[in-house]
Amino acid sequence: MAGSKAAARGAMGVTIALLIALVFTGMARAEPFPLSPGMPVQAPMDHAALLEDPAGDIDPATVLKGMLDGEFQPLDGKSTSVGITRSAWWVRFEAVNPGRDPVEWVINFPFPLTDYVDLYHQRGDGPVDHVAMGDRLPYDSRPLPGEGFAAPLTTGPGETSTIYVRLHHEYGDGIDVYFQVSSPKAYSTKQHAIWMVLGLFAGGAMLLFLYNVVIFAVVRERVYFWYLAYFAATQLAFAAASGFGNRFLWPDRPGLGEFAAPLFSALAFMLVVQFSRTFLETQRLTPRFDRVLRVVMAYFALPPILFLAGEGALAAQTVMTGGLALTMLPVYGAILWWRGETSARIFTLAWAVWFVSVALLIGRFVGLAPTNDLTLRIAWMGLLGEAVLFALALADRIRLLQRQKVAAEQQARLALERSEAELKSQVAARTRELQDTNDALSDLNRQKDRFFSIIAHDLMGPFSVLIGMSDLLKRRISTLPRETIAEYGGDISTAAQNLHKLLENLLSWARLQQGAMSYDPQPYSLNSSVADVTELFAPVARQKGIDLTAETPPELSLHADRKMIETALRNLVSNALKFSRSGDRVRITVAQSDTETRIAVTDTGIGMNAKTMAALFSLDQKLSVAGTEGETGTGLGLRLSHELVERHGGRIEVESEPGAGSTFTIVLPS
């Protein structure tokens, strides 16, 4: 009797143990994900489970036989980021094809910096397919091109595909087991969009970099050098972190992307601290804080050294910890801004952007923020945004220097006036000595003198407004009413815009005369070009109450240098608006035949007489007529437009009557 009870208790214990095992196995094994042809990109993390291999020595055969399935933990609702680790991690995912036809699909692990990504695919009782991926392998060995690691799979009708993926870093680093599944077409479409966005980021960054190289070549300020060095390191860090480098810069150098990420990230942080020291002049203003920043710079030499020593996880942690320490810079910038240092305002905003992006990055690593397309890329997006804002901060600094330069020029002008009498006598004597040798160049010099006279005359107007109004505001801003301040501000803005337009035309004119303006005719859509110009001047037309319209036949194509023709067209439209009144109309029309293309700008404005028309395209006469609302100009825009059109073998025709408007027509050979 006792033996029977013991046997019964033993059987019950076995039964309970089996039930517990079944319950836990059921908890670990998520429902298979249903596949379908043409399915969009999605992240079925609630159908996946995760297993940690701390020593990284679990035999794949053990996993593939299902012997460890009960130890996998469901990912449903959990963070996919496992942080910075040396462990290997296994992902288990089941997908079922409920249809009657085979389904081709793609599984993609978009995180681009993982040393080894080994995918095992088992369909029913068939053999296991193994796909080896990871940035330790050449890019060309990947089954599918992409920013991360993707593999094409096929599941037969009624079949269940069991996927095991092992992710591991040789030296330790951040691992995110986030993955996506989709049809091949949906995957290709999304990757195309991603690479377009990355290309736009890279292209825009390159243009910004070259723009600041030109500025550095002109101003020769040390702060620009440190900005350019920091920006270059940022671009390399972006290339490493986004997968851009693996695909385009070092596709045949496995593992370089993983080393490049901590190297260039640490270098970018080091250089941005140096840039900040120079920009904020901490060595002069706050020597103690400057010494702290020097220590921070030295600290960022540690991550590359740690990585080379085989401590990848510690290197990544060092970079992130140092990044958090840089929070002191936006705080310091905000303090300077509060104290009245206006140059620190954009600097502080740039660091605020950086702080938000780093906070989201760390939040994803520790599981406070979800993994998605934004958080996977937020770090390099923040770095690029910060770099753009720093460029704006430098531009603001240049404007300050320009104002200081104007003040210095005023002082120099006073000194010149004091010695005017002596200089006049010296110039007269020297002029007589050189008169005999200047006869051959007299005509050229007269044209040059007239040209500079035009430019100098029209430069003085905006500068006088800028200097006078800004000086008046400086002296009386505390007593002036808001309406008057707004009016003066509008006058200053208008003067600055006129000055910018003049300098832009002057630069184009100089480049054209020197042969430095490239002529590159290509076929392009004339409709979109006219639409761009119309959209550009729409605010000006609305402000003056002028009806600006464009009438173009559909799908017009023109073989020309788009930049040159658009420059000419912009000048013609600008002049039409300038000499039109409220209620007038400006119309752009295009006509095209087998032999020529005619782009006409017609206005119903004040028009001009025959004498004015005869002097439009000549430097021999001063031609600067105020617009209907007092707008100023040099007439240089028309001359520039004339030469740009002539470069194409074309011409500009003019028709006008006083009080009846004007028509300027660009005629280009087809």
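Biologist: In which loop does Glu-281 lie?

Modeller: In this predicted model, Glu-281 sits in the loop between helix 6 (256-280) and helix 7 (282-285). The backbone there has a positive phi, near 55°, in a residue other than glycine.

Biologist: Why is Glu-281 called partly exposed?

Modeller: Its relative accessibility is 34%. Buried needs a value under 20% and exposed a value over 50%, so Glu-281, at 34%, falls in between and counts as partly exposed.

Biologist: What makes Glu-555 count as exposed?

Modeller: Glu-555 has a relative accessible area of 78%, and since exposed means over 50%, the label follows. Glu-555 is placed in the loop between strand 14 (547-551) and strand 15 (557-560). Its phi is positive too, about 55°, although Glu-555 is not a glycine.

Biologist: How do you know that Thr-114 is buried?

Modeller: Thr-114 has 2% relative accessibility; buried means under 20%, so Thr-114 qualifies. This residue belongs to the loop between strand 6 (103-109) and strand 7 (116-123). Leaving out residues up to four places away in sequence, Thr-114 touches Gly-134, Asp-135, Phe-149, Leu-167, His-168 and His-169.

Biologist: And what class does Asp-129 get, buried, exposed or partly exposed?

Modeller: Partly exposed, with a relative accessible area of 37%, which is the verdict because that value lies between the 20% and 50% cut-offs. Asp-129 lies in strand 8 (residues 128-133) and touches Leu-119, Tyr-120 and His-121, again not counting residues up to four places away in sequence.

Biologist: Why is Asp-129 with Ile-163 not called a contact on the strength of the C-alpha distance?

Modeller: Their C-alpha atoms are separated by 9.6 Å, with their positions 34 residues apart along the chain. Contact means heavy atoms within 4.5 Å, so a C-alpha distance by itself does not establish one. Thr-321 and Ile-362 invite the same caution: 41 residues apart in sequence, they are 10.0 Å apart C-alpha to C-alpha. Thr-321 itself is in helix 10 (residues 312-325) and is partly exposed at 47% relative accessible area.

Biologist: Let's turn to rings. What makes the Phe-289 and Tyr-332 pair stacked?

Modeller: There are 23 aromatic pairs by the rule used. For Phe-289 and Tyr-332, the centres are 4.4 Å apart and the planes differ by 15°. Pairing needs centres within 6.5 Å and stacking needs planes under 30 degrees apart, so this pair passes both tests. Both Phe-289 and Tyr-332 are buried.

Biologist: Which parts of the chain does that pair tie together?

Modeller: Phe-289 is in helix 8 (residues 287-299) and Tyr-332 in helix 11 (residues 328-338), so the pair links parts 43 residues apart in sequence.

Biologist: Which residues form an aromatic cluster?

Modeller: One cluster consists of Phe-209, Tyr-227, Tyr-230, Phe-231, Phe-275, Phe-279, Phe-347, Trp-351 and Phe-390. Phe-390 has contacts with Tyr-227, Tyr-230, Val-272, Phe-275, Phe-347, Ala-350 and Trp-351, leaving aside residues up to four places away in sequence.

Biologist: Which residues touch the most other members of the largest nonpolar core?

Modeller: Of its 91 residues, they are Phe-93, Trp-105, Ile-107, Phe-179, Tyr-227, Leu-326 and Phe-390. Helix 6 gives the most to this core, with twelve residues. A second, separate core has 31 residues, including Ala-560, Ala-568, Leu-616 and Leu-638.

Biologist: How do helix 18 and helix 20 pack?

Modeller: Helix 18 (residues 562-578) and helix 20 (residues 636-647) pack at about 145°, with axes 9 Å apart, and their crossing is left-handed. From helix 18, Met-564, Thr-567, Ala-568, Asn-571, Leu-572 and Asn-575 meet Gly-637, Leu-638, Leu-640, Ser-641, Leu-644, Val-645 and Arg-647 of helix 20. That contact has seven nonpolar, five polar and one charged residues. Arg-647 is the charged one, because Arg counts as charged.

Biologist: Finally, what share of the chain is buried?

Modeller: Buried residues make up 44% of the 670 in the chain, which has 20 helices and 19 strands. Among contacts between residues at least 6 apart in sequence, 75% join residues at least 24 apart.

Key. Residues are numbered from 1 along each chain as its sequence is written. This is a predicted model: local features need pLDDT of at least 70, side-chain atom pairs count only at pLDDT 80 or more; totals for chains, interfaces and linings use all residues. Side-chain values use heavy atoms; hydrogens and water are left out. Helices (H or I, at least four residues) and strands (E, at least two) are DSSP runs, numbered from the N terminus. Buried means under 20% relative accessible area, exposed over 50%, partly exposed in between (1.4 Å probe, protein chains only). Axes are lines fitted to C-alpha atoms, for helices over the stretch in contact, and angles run from 0 to 180 degrees between N-to-C directions. A crossing is left-handed if the near helix is turned anticlockwise from the far one by less than a right angle, and right-handed if clockwise. Rings of Phe, Tyr and Trp (its six-membered ring) pair if their centres lie within 6.5 Å; planes under 30 degrees apart count as stacked, over 60 as edge-to-face and the rest as tilted. A nonpolar core is a set of buried Ala, Val, Leu, Ile, Met, Phe, Trp, Tyr and Cys residues joined through side-chain atoms within 4.5 Å.
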